[in-house]
Amino acid sequence: MSIRRATHEDVRSLFEIDRSVIPNHNRLECIESSISNRNCLLAKLGNIPAGFAIYDQGSFFGQTFIWLRVTSPQFRRQGVESSLILRIAHLCKTKKLFTSTNQSNKAMQGVTKKLRFKRCGRLSGIDPGDPEIFT
Ligand SMILES: CC(C)(COP(=O)(O)OP(=O)(O)OC[C@H]1O[C@@H](n2cnc3c(N)ncnc32)[C@H](O)[C@@H]1OP(=O)(O)O)[C@@H](O)C(=O)NCCC(=O)NCCS
């Protein structure tokens, strides 16, 4: 597996990976601006884009926050997302690194549990009936 910062040449691949999760959700603008801000990491298996993660350093109470993580369905459970998160932890210049996911998202909670993130909060009111769990 190789991990590097995504470039604008990767936008189409990232968009396709993202669309595999929520087909009707257009996060193209978000992906493009994270690339411009050098806040998007891409993981490749061989030469194939396998997953990505978008983060930033500072907008979440001055700390680093991972906003979006997606692994292409055919590459799941191969350590793609945990490797991306570990790379972000390595690049992180702030004291703390946070992320969050819906309570219903057991896969993402499995990733943070495996990486020993500590649960630190729960926020209701974003997705009805499915609180956001912060770690
Ligand atoms: C959540 C997601 C990013 C995980 O990506 P991944 O590359 O498959 O994760 P990893 O292979 O690094 O998984 C690491 C560990 O997390 C846990 N895990 C991952 N997927 C899991 C699942 N479906 N169920 C239970 N535990 C899971 C396991 O402990 C796994 O280790 P193991 O395979 O050795 O048992 C991926 O499932 C995905 O893209 N989901 C859709 C998008 C999404 O929900 N993103 C997060 C919210 S924005």
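Q: Angles under 35 degrees count as roughly parallel, over 145 as roughly antiparallel, 65 to 115 as roughly perpendicular and the rest as oblique. Which of these words fits helices H1 and H2?
A: This is a predicted model, in which local features need a pLDDT of at least 70 and side-chain atom pairs 80 or more, while totals for chains, interfaces and linings use all residues. Residue numbers start from 1 along each chain as its sequence is written. The axes of H1 (residues 11-19) and H2 (residues 28-36) cross at roughly 135° and come within 10 Å. An axis is a line fitted to C-alpha atoms, for helices over the stretch in contact, and angles run from 0 to 180 degrees between N-to-C directions. The value of 135° falls in none of the three named ranges, so the two helices are oblique to each other.

Q: What makes H1 and H2 neighbours in contact, and which residues meet?
A: Contact asks for C-beta atoms, placed from the backbone, within 7 Å. On the H1 side we find Val11, Leu14, Phe15 and Asp18, and they meet Leu28, Ile31, Glu32 and Ile35 of H2. This contact holds 6 nonpolar residues, no polar ones and 2 charged ones. Here Ala, Val, Leu, Ile, Met, Phe, Trp, Tyr, Cys and Pro are nonpolar, Asp, Glu, Lys and Arg charged, and the others, Gly among them, polar.

Q: How do you know that E2 and E3 pair?
A: Strands (E, at least two residues) and helices (H or I, at least four) are DSSP runs, numbered from the N terminus. Two strands pair if DSSP finds at least two bridges between them. E2 and E3 have 6 bridges, in the antiparallel sense, so they pass the test. Leu41 stands opposite Ala53 in E3, and Ala43 has Gly51 as its bridge partner there. In their hairpin, with 2 residues between the strands, Gly46 takes a positive phi near 65°.

Q: Which other antiparallel pairs pass the test?
A: E3 and E4 pair over 8 bridges, with Gln57 partnered by Thr64 in E4. Their hairpin also has 2 residues between the strands, and Phe61 takes a positive phi near 50°. E1 and E2 pair over 4 bridges, and Ser2 has Lys44 in E2 as its partner. E5 (residues 97-102) and E7 (residues 132-134) pair over 3 bridges; Asn102 is matched with Glu132 in E7.

Q: What makes E1 and E6 edge strands?
A: The open sheet has 7 strands in the order E1-E2-E3-E4-E5-E7-E6, with mixed pairing. E1 (2-5) and E6 (121-123) each pair on one side only, and that makes them the edges. From one strand to the next, the twist averages 25°.

Q: How does H1 lie against the sheet?
A: H1 packs on the sheet, touching E2 (40-45), E3 (48-60) and E4, and its direction makes about 90° with that of E3. Since 90° lies between 65 and 115, this counts as roughly perpendicular.

Q: Which residues come nearest to the ligand, and what does near mean?
A: Near means that the C-beta atom, placed from the backbone, lies within 6 Å of the molecule or strand. Of the 21 residues around the ligand, Thr71, Glu81, Ser82, Ala107 and Gly110 come nearest. Strand E4 (63-71), helix H3 (80-91) and helix H4 (106-114) each supply at least two residues of this shell, and H4 gives the most, with 6. The shell divides into 7 nonpolar, 8 polar and 6 charged residues.

Methods
Contact = placed C-beta atoms within 7 Å.
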